Amino acid sequence: EGIRVPKILHVSHSERLVFMEFIEGENLSSAIKRIVNAKPGEKYARELAKIEKVGEVFAQVHALSVTLGDTKPENAIFDWEDNVYLLDFEQSSQDGDKAWDIAVFLYYAGHYLQPLYSNGKAEAIAKAFVNGYLKGGGEADTVRKAANSKYTRIFSVFTMPSIMLVMSNVCRKTKKQK
């Protein structure tokens, strides 16, 4: 359906192994870490563009009535031509919880941010992802559901509350694109 994923090279049912193509590139967590480490005034528009692009791809996957389940940033690889590849589909399903995919991505990305002075970066990351998701045809209602406490509670163990609040507020305030 146009979603880039590694090719399956071999399946061994007896050993319960799947061999897949290796994708040369960088996973999205590296871009998020560059945002985290950016000094005040430094620009990180290229990294935010990558996050937006991943949001678009998630919307395209959701339009196929597929959810991914494990959407942490490490599971999105950018090849050297900036094409997005998605990885790790053990938790994917038909007609699953789309808001969960959004929540995992955002709140997991938030755990990289420092507890102090990162609210602006958290907001920028969340807005970039949400903008991409809506641009890709995703539903604003799905984004708003990702702000629900049933999701934020799960990630409160390793993502700072202030970061989660900023990101969940971006989700909560999401409106339909015109």
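Buried means under 20% relative accessible area, exposed means over 50%, and partly exposed lies in between, with a 1.4 Å probe and protein chains only. The model is predicted, and local features need pLDDT of at least 70, side-chain atom pairs count only at pLDDT 80 or more, and totals for chains, interfaces and linings use all residues. Residues are numbered from 1 along each chain as its sequence is written, and side-chain values use heavy atoms, without hydrogens and water.

Select Trp100 to begin: its relative accessibility of 24% makes it partly exposed. Add Tyr151, which is buried at 5%. The two ring centres lie 6.2 Å apart with the planes at 45 degrees, so this pair is tilted (rings of Phe, Tyr and Trp, the last by its six-membered ring, pair if their centres lie within 6.5 Å; planes under 30 degrees apart are stacked, over 60 edge-to-face, the rest tilted). Trp100 belongs to helix α3 (residues 98-110) and Tyr151 to helix α6 (residues 149-155), so the pair ties together parts 51 residues apart in sequence.

Next, select Phe155 and Phe158, an edge-to-face pair at 5.8 Å centre to centre and 75 degrees between the planes. Phe155 is buried, at 5%, whereas Phe158 is partly exposed, at 37%. Extend the selection to Tyr107, Tyr108 and Tyr112, which ring pairs link with Trp100, Tyr151, Phe155 and Phe158 into a cluster.

Finally, select Met167. Beyond its neighbours within four places in sequence, Met167 is in contact (heavy atoms within 4.5 Å) with Leu106, Tyr107, Gly110, Leu113, Ala122, Ile125 and Ala126.

Technical notes: Helix = DSSP H or I, 4+ residues; strand = E, 2+ residues; numbered from the N terminus.
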